[in-house]
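Here are my notes on the model you sent. They cover one helix, two pockets and the nonpolar cores.

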Amino acid sequence: NSKEIEKWPELERFMLHQIFILNTNFKKYFKEYNFHKLFRELLNFCSLDLSAFYFDIRKDSLYCDRVDAIKRRAVRTILDELFKCLTAWLAPFICFTAEEAWLTRFPGEDESVHLRLFPEIPENWRNDALAEKWQNIRNLRRVVTGALEVERAEKRIGSSLQAHPIVYTSKTYIDEMADLDCAEIVITSDVTMIDDPAPLNAFVLEDIDDVGVVSEIAKGNKCARCYRVLPEVGTILGYEMACGRCADAVARYLALSE
């Protein structure tokens, strides 16, 4: 419901918007019998919006957050909605695969993905202002990811979690990131954002203005659970190999197991 969604992180609310827009386009193309464009849009959504973006960011929360964390619960709800939508949307194209996926989760003689109707997506999932903001964030993420690829190619880092990028950008980007965990979004251990022109050695992309990145190595020790490199690792009594988040998650899990 609306009140519950308001408590969700921005990224999950952005994904609800993406599902709403895709569903609107799906209905339009389906009505026009424009199946080529429809399938291409579904494929792009799966590869670009989900695999390369949402899943890439949120696997950390899914694996490492407390089992009762609001963010993790929101991720699981999004995964449930995505499963229901994608199996229905893809059923006309990959009939047997969609049926197999549906029956694996909902087995039963009377069950079939082909007995379902296409999903009706609530209007309140649409959020154009949030979508515009997150398009800017995705642009910033592209620059950071590009800078990290250079570091990886030069063998200065292996995992992106070994990095601490310094992002030189405008106040607009800094304000948009103010309430967000930038390191989580770009999948590094830390990020510093500076409202200054980028130095000459910064990595930039020609199609994205006001974002330049200088990559540095993250300081601290590696958490044995989430692999982030943080100064706090080694300082938590009883959880010397973990960061604060992971120590809390493990303690919560052990308490629930008793």
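Which residues of α4 are buried? I take that first. Bear in mind throughout that this is a predicted model.

1. **Burial along α4.** The buried residues of α4 are R72, A74, V75, I78, D80, L82, C85, L86, T87, A88, W89 and L90. Note that R72 and D80 are on that list. Cover for the buried residues comes from elements including α2 (10–31), α3 (35–64) and α5 (95–105).

2. **Geometry of α4.** The helix runs over residues 70–90 and has 21 residues. From first C-alpha to last, α4 reaches 30 Å. That is close to the 30 Å expected at 1.5 Å a residue. As background, residues three or four places apart in an α-helix point the same way, because there are 3.6 residues a turn.

3. **The largest pocket.** It holds about 220 Å³ of space. The lining has 15 residues, and K59, D60, L161, I187 and C226 lie nearest the centre. α3 supplies the largest share, 6 residues. Both α3 and α8 (182–186) supply at least two residues each. By type, the lining splits into 8 nonpolar, 1 polar and 6 charged residues.

4. **The second largest pocket.** Its volume is about 190 Å³. L48, A52, F53, Q135, R138, N139, R141, R142 and T145 form the lining. Two or more of these residues come from each of α3 and α6 (128–153). α6 gives the most, with 6 residues. Here the split is even: 3 nonpolar, 3 polar and 3 charged.

5. **The largest nonpolar core.** How many residues does the largest nonpolar core have? It has 51. F14, I19, F45, W89, W134 and V211 have the most contacts inside this core. Elements giving two or more residues to the core are α2, α3, α4, α6, β1 (163–169), α8 and β3 (211–217). W89 also appears among the buried residues of α4. In general, nonpolar side chains tend to be buried together in soluble globular proteins.

6. **V211 and its neighbours.** What does V211 touch, leaving aside residues up to four places away in sequence? The contacts are L140, V143, V167, Y168, T169, Y173, F203 and V204.

7. **A separate core.** Apart from the largest core lies another, of 9 residues. Its members include C223, C226, C246 and A247. C226 is also one of the residues nearest the centre of the largest pocket.

Conventions
Residues numbered from 1 in each chain as written. Predicted model: local features only at pLDDT ≥ 70, side-chain atom pairs only at ≥ 80, totals over all residues. Heavy atoms only, no water. Helix = DSSP H or I, 4+ residues; strand = E, 2+ residues; numbered from the N terminus. Expected span 1.5 Å × (residues − 1). Buried < 20%, exposed > 50% of the residue type's maximum accessible area, 1.4 Å probe, protein only. Contact = heavy atoms within 4.5 Å. 1 Å grid on protein atoms, 1.4 Å probe; cavity = no way out; pocket = protein on both sides within 12 Å on 5 of 7 lines; lining within 4 Å. Points joined across faces, edges and corners; volume = space filled by probe spheres on them. Nonpolar A, V, L, I, M, F, W, Y, C, P; charged D, E, K, R; others polar. Core = buried A, V, L, I, M, F, W, Y, C linked by side-chain atoms within 4.5 Å.
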